[in-house]
Amino acid sequence: MYKVGDLTFYKSHGVCKIDRITEESFSGEPKLYYVLQSKIKPGVTLYHPVESDNSQLERVLDYDEAVQLMDCFNNPPNDWEEKNTNRHRVQVETLNGNNHFEVAQLMNTLLRKELELQSNDKKLASQDTQTLQQISAIIYDVLELALEKPKDKIEQEIRKRIQK
């Protein structure tokens, strides 16, 4: 069980701070809920049941795990699926899987594809751009917290790694 003040990773919402624990009756009967404040979207309040069989809350990465996550950006990209619908399905599955390393590898692939396309005066499809923006915010937030480095420094390091 988390405590008030704890930082946690909440699925596609990224890093959140547990602001309080309160009893609510969202589904008819009273239950305890964590009240979370999003770090990615300040002012956004989220509720998550304290007792949940399929909890979407995870602990925040530690320093060593964050270093391993950064290493994902040294990897070659995943194979590029040319068909937009198939590619988007895989992206959604990756995001729903809630595995930081798979999400970082997806980000690595999208960043490398973006670079490749830019060198040919082209752009990523809008759906890919939206996915990249969404996961970048989450990955930078997680890494900033675990590595205790500013996001701009982390972004520079990632850009260096993918440009090699």
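**Exercise 1. The sheet**

In what order do the five strands of the open sheet stand, and with what pairing?

Solution. The structure is a predicted model, and the steps here are a reading of that model. The five strands are arranged in the order β4-β3-β2-β1-β5, and their pairing is antiparallel. The next step is to look at the ends of that order, where the edge strands β4 (45-49) and β5 (57-59) each pair on one side only. Lastly, neighbouring strands of this sheet are turned against each other by 50 degrees on average, with direction ignored.

**Exercise 2. Partners of strand β2**

Find how many bridges join β2 to β3 and how many join β1 to β2, and then follow Lys 17 to its partners.

Solution. Begin with β2 (residues 14-24) and β3 (residues 31-38), which run antiparallel and are joined by eight bridges. On the other pairing, β1 (residues 7-10) runs antiparallel to β2 and is joined to it by four bridges. Lys 17 appears in both pairings, since its bridge partner in β3 is Gln 37, while Lys 17 is itself the partner in β2 of Leu 7. Further along, Glu 24 stands opposite Lys 31 in β3. Between the two strands of the hairpin formed by β2 and β3 there are six residues, and in this turn Gly 28 has a positive phi of about 105 degrees.

**Exercise 3. A threonine in the sheet**

Is Thr 22 buried or exposed, and which residues does Thr 22 touch?

Solution. Thr 22 has its place in strand β2. Its relative accessibility is 18%, and a residue counts as buried under 20%, so Thr 22 is buried. When residues up to four places away in sequence are not counted, Thr 22 touches Lys 31, Leu 32, Tyr 33, Val 35 and Tyr 47.

**Exercise 4. The whole chain**

Describe the order of helices and strands along the chain, and then state the extent of the chain and how much of it is buried.

Solution. Counting the elements gives five helices and five strands, and along the sequence they follow the pattern β-β-β-β-β-α-α-α-α-α. The C-alpha trace spans about 55 × 35 × 25 Å along its principal axes. Of the 164 residues in the chain, 39% are buried. Among contacts with a separation of 6 or more, 55% are between residues 24 or more positions apart.

**Exercise 5. The nonpolar cores**

Which elements give two or more residues to the largest nonpolar core?

Solution. This core has 29 residues, and those with the most contacts inside it are Phe 73, Met 107, Leu 111, Ile 135, Ile 139, Leu 143 and Ile 158. The elements that give two or more residues to the core are α1 (63-71), α3 (100-119), α4 (126-147) and α5 (151-163). Its largest share, nine residues, comes from α4. Taking Met 107 as an example, and not counting residues up to four places away in sequence, one finds that Met 107 touches Phe 73, Leu 132, Ile 135, Ser 136, Ile 139, Tyr 140 and Ile 158. A second core, separate and made of eight residues, includes Ile 18, Tyr 34, Leu 46 and Leu 57.

**Exercise 6. Helix α2**

Compare the expected span of helix α2 with the distance between its end C-alpha atoms, and explain how its buried residues are placed.

Solution. Helix α2 (residues 84-97) has 14 residues, so at 1.5 Å a residue it should span 20 Å, and this agrees with the 20 Å that separate its end C-alpha atoms. In α2, the residues Arg 87, Gln 91, Thr 94 and Leu 95 are buried. They cover an arc of only 95 degrees around the axis, and therefore they lie on the same side of α2. What covers these buried residues includes α3 and α4. Just after α2, Asn 98 takes a positive phi of about 60 degrees.

**Exercise 7. A leucine in a loop**

Where does Leu 124 lie, and what is in contact with Leu 124?

Solution. Leu 124 lies in the loop between α3 and α4. With a relative accessible area of 9%, Leu 124 is buried. Leaving aside neighbours within four places in sequence, its contacts are Trp 80, Leu 110, Lys 113, Glu 114, Leu 117, Thr 129 and Leu 132. As for distance, Leu 124 and Gln 105 are 19 residues apart along the chain, and their C-alpha atoms are separated by 17 Å.

Methods. Residues numbered from 1 in each chain as written. Predicted model: local features only at pLDDT ≥ 70, side-chain atom pairs only at ≥ 80, totals over all residues. Heavy atoms only, no water. Pairing = 2+ DSSP bridges. Axes fitted to C-alpha atoms, helices over the stretch in contact; angles between N-to-C directions. Core = buried A, V, L, I, M, F, W, Y, C linked by side-chain atoms within 4.5 Å. Buried < 20%, exposed > 50% of the residue type's maximum accessible area, 1.4 Å probe, protein only. Contact = heavy atoms within 4.5 Å. Expected span 1.5 Å × (residues − 1). Arc of directions from axis to C-beta.
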